[in-house]
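Reader: I would like a close look at one part of this protein, the helix that packs against the sheet with the most strands described here, together with whatever surrounds that part. Please take me through it residue by residue where you can.

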Amino acid sequence: MRRTHRCGEISNQHLGHEVCLQGWLWHERDFGGVIFLDLRDRAGFVQCVIDPEAVPEAHAVSQGWGSEYVVEIEGEVIARDAENVNADLPNGDVEVRVRVARLLAKSETPPFVIEDDPRTSEETRLRERFLDLRRAPLQRALALRHKLTLATRTVLDEAGFYEIETPMLTRSTPEGARDYLVPSRESQGAFYALPQSPQLFKQLLMVSGFDRYFQIVRCFRDEDLRADRQPEFTQIDIEMSFVDMGDVQEITEALVRRLLEVAGHDADPDFGHMTFHEAVDRFGSDRPDLRFGHELIDMTEIFADAGFNAFAQVIAAGGVVKALRVPGGGSWGRSRFDKLTGVARDAGAKGLVWLKKADGEVTSPIAKFLTPEVIAALEARAELEDGDALLAVGDQWEAAALATGALRSSLARTEGWIGSGMRFVWVTDFPLLERHAEADRLVARHHPFTSPLAEDFALLETDPLAVRAQAYDLVLNGVELGGGSIRIHESDVQARVFAALGIDEEEANEKFGFLLRALRFGAPPHGGIALGLDRIVMLLAGLDSLRDVIAFPKTTSASDLMTNAPGSVSSSQLEDLGIRLTSVEGETE
């Protein structure tokens with residue numbers, strides 16, 4: 001027989017049916033000669049029963065079967081005895097009475113148990129990823145990824161978008177992160193780059209008149225990794241002509257609502273709006289988690305003349321003091337505050353000031369510098385209650401806010417502040433440019449093709465750091481789902497932005513000449529967004545790591561433990577490319 005059903009599909013609707021199942025032997029139990037087999041495939045599992053008296057041949061065949069053997073079962077679907085019904089399983093009221101059993105493939109003993117909790121290290125699971133992927137949580141995550149991808153295509157097709165592929169081999173362009181470079185054999189000494197995004201190509205498609213484009217596209221960035229970042233990742237990439245920011249947000253919200261529906265969540269959430277300045281000032285982040293309050297408090301005015309010189313000097317230099325009230329922090333010891341000082345310093349702060357109130361008394365390492373009036377003002381401003389603590393950071397506005405925001409995020413996890421639900425917010429009006437501290441020059445906050453707000457055009461030459469961008473990020477529960485902008489569609493404006501970035505005409509033409517030429521041939525106003533598919537699946541599946549929603553992910557060192565990539569190549573391959581390795585691990589070749 002051919003396979004008639006998947007294992008997890010068997011239910012009481014199939015009672016009396018003859019079925020043929022194929023899958024992996026998950027569990028085997030022998031009760032006085034009667035063998036119970038749990039047969040598993042991607043749809044789930046079903047219990048199969050082999051009675052040695054009724055089917056001696058099938059019983060004999062099954063002897064010696066082990067975990068993860070691939071087998072075929074033919075039999076009849078029957079109801080379980082009432083005392084054996086498992087109400088916790090979708091098909092716990094039925095089983096398959098085996099008539100024929102066949103072995104399709106043997107298996108060595110797996111290095112870990114194929115269970116929801118495999119009780120082994122992530123390194124082992126990544127090395128044996130083909131086994132790890134048999135686990136139900138990963139199979140559910142990848143099934144959801146498929147459904148969300150399919151829904152994305154349907155929504156955008158219904159909205160008049162074309163799916164168009166853009167090149168994987170292109171030229172290196174500065175977009176913020178390091179490129180993965182690919183040497184050219186035909187043009188030795190020259191290199192392609194794997195795309196960090198299809199940004200320039202999708203803008204060219206708008207110039208070409210395609211009007212509405214999308215692509216579910218693989219992108220690559222050679223940057224430091226973490227739980228929500230991989231060197232290769234997938235974007236839902238969207239671009240539209242003749243639109244403003246509201247149009248792009250509208251289609252994005254429609255897409256997100258469909259994805260929420262597919263994933264079984266509330267499909268009609270609120271989409272809040274907040275400027276970059278408001279988000280950073282209130283929550284200490286440009287991707288604020290709105291599932292909890294604990295907003296930042298401005299203490300600048302109080303500390304300006306408080307007698308604490310460290311903060312007074314910061315304020316005199318144009319800085320601010322941002323603070324965070326911590327309920328229950330009044331009982332903490334010095335070691336807890338020292339750990340939080342480390343969190344603040346890791347976020348860029350020079351240090352952390354703390355006060356705590358216990359039994360009606362406020363104590364602090366800086367209490368000797370503060371008058372009773374100042375302490376009372378701090379208590380009043382922070383609404384400090386008995387048993388609370390106050391954390392304060394002094395620095396330039398953004399630095400102080402981001403460091404205090406890092407404290408807010410850290411404490412939210414440890415103190416249980418985080419609520420439930422899906423809290424979306426659009427963050428807008430980002431600075432167009434920022435100063436790169438190491439290079440001591442201006443760089444684009446997003447990318448250099450983002451249009452300034454029309455009312456800020458005049459500041460490009462006189463006060464470039466004050467220019468705001470027509471940029472917008474969609475944030476969910478403190479995670480950036482994606483970002484986009486209205487693009488520059490006039491060549492003279494693009495040249496002015498390049499000039500503000502220190503890119504002269506010669507360099508601009510060398511790197512972006514094709515774009516500048518295109519913009520001179522009737523480019524429509526256009527804009528778009530790129531949403532991180534991996535992050536969307538991770539959040540909607542309720543998971544914590546991107547590696548759980550990607551079939552074959554990399555480690556935090558960008559390596560593939562299963563295939564041992566990256567790896568060495570032969571000298572003949574290098575010779576074909578005109579490459580000579582001058583040093584590998586300190587050895588000259």
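Author: Contact here means heavy atoms within 4.5 Å. The model is predicted. With that cut-off, Ser62 can serve as a short example before the part you asked about. Leaving aside neighbours within four places in sequence, Ser62 is in contact with Glu28, Ile35 and Ile50. Ser62 belongs to helix α1, residues 56–62. Its relative accessible area is 0%, and since buried means under 20%, Ser62 is buried.

Now the sheet. An open sheet of 8 strands runs in the order β6-β9-β10-β22-β21-β20-β17-β11, and its pairing is mixed. At its edges are β6 (162–163) and β11 (271–275), each of which pairs on one side only. At the β11 end, this strand pairs with β17 (residues 424–428) in the parallel sense, over 5 bridges. Within that pairing, Thr275 of β11 has Thr428 of β17 opposite.

The helix in question is α4. It lies across β6, β9 (212–220) and β10, and runs at about 150 degrees to β9. Helix α4 covers residues 136–158, and its axis comes within 9 Å of the axis of helix α6, residues 245–262. These two axes cross at roughly 145 degrees, and the crossing is right-handed.

The residues that meet at this crossing can be listed by helix. From α4 they are Lys147, Leu148, Ala151, Thr152, Thr154, Val155, Leu156 and Glu158. From α6 they are Ile251, Leu255, Arg258, Leu259 and Val262. By type, the contact of α4 with α6 is made of 8 nonpolar, 2 polar and 3 charged residues.

Two of these residues lead on to the interior. Ile536, setting aside neighbours within four places in sequence, is in contact with Leu148 and Leu259, and also with Ile236, Leu481 and Leu531. Leu148 comes from the α4 side of the crossing and Leu259 from the α6 side. Ile536 is also one of the residues that touch the most other members of the largest nonpolar core, along with Ile236, Ile238 and Phe424. That core has 39 residues. Apart from it lies another core of 35 residues, including Phe276, Leu460, Ala471 and Val475.

The link between the sheet and α6 also deserves a look. Phe242 sits in the loop between β10 (232–241) and α6. Its phi is near 60 degrees, a positive value in a residue other than glycine. As a rule, most residues other than glycine have a negative phi, and most peptide bonds are trans. Is Phe242 buried or exposed? With a relative accessible area of 62%, Phe242 is exposed.

A second site with a positive phi lies in the loop between α16 and α17, where Asn564 is found. Asn564 is not a glycine, yet its phi is positive, about 60 degrees. Asn564 is exposed as well, with a relative accessible area of 60%. In the loop between α16 (533–540) and α17 (571–577) there is also Pro566. The peptide bond from Ala565 to Pro566 is cis, with omega near 0 degrees.

For comparison, here are the strands elsewhere. Another open sheet has 5 strands in the order β12-β13-β16-β14-β15, with antiparallel pairing. Its edge strands are β12 (297–298) and β15 (361–363); each has a single partner strand, so one side of each is left without a neighbour in the sheet. Inside this order, β13 (residues 320–326) and β16 (residues 389–395) form an antiparallel pair over 7 bridges. Lys322 is placed opposite Val393 of β16.

Strand β1 (residues 18–31) pairs with β4 (residues 70–79) in the antiparallel sense over 7 bridges, and the bridge partner of Cys20 in β4 is Glu74. Strand β1 also pairs with β2 (residues 34–41), again antiparallel and over 7 bridges, with Trp24 facing Arg40 of β2 as its bridge partner. A hairpin joins β1 and β2, with 2 residues between them, and Gly32 in the turn has a positive phi of about 60 degrees.

Terms used: Residues are numbered from 1 along each chain as its sequence is written. This is a predicted model: local features need pLDDT of at least 70, side-chain atom pairs count only at pLDDT 80 or more; totals for chains, interfaces and linings use all residues. Side-chain values use heavy atoms; hydrogens and water are left out. Axes are lines fitted to C-alpha atoms, for helices over the stretch in contact, and angles run from 0 to 180 degrees between N-to-C directions. Helices (H or I, at least four residues) and strands (E, at least two) are DSSP runs, numbered from the N terminus. A crossing is left-handed if the near helix is turned anticlockwise from the far one by less than a right angle, and right-handed if clockwise. Ala, Val, Leu, Ile, Met, Phe, Trp, Tyr, Cys and Pro count as nonpolar, Asp, Glu, Lys and Arg as charged, and the others, Gly among them, as polar. Two strands pair if DSSP finds at least two bridges between them. A nonpolar core is a set of buried Ala, Val, Leu, Ile, Met, Phe, Trp, Tyr and Cys residues joined through side-chain atoms within 4.5 Å. Buried means under 20% relative accessible area, exposed over 50%, partly exposed in between (1.4 Å probe, protein chains only).
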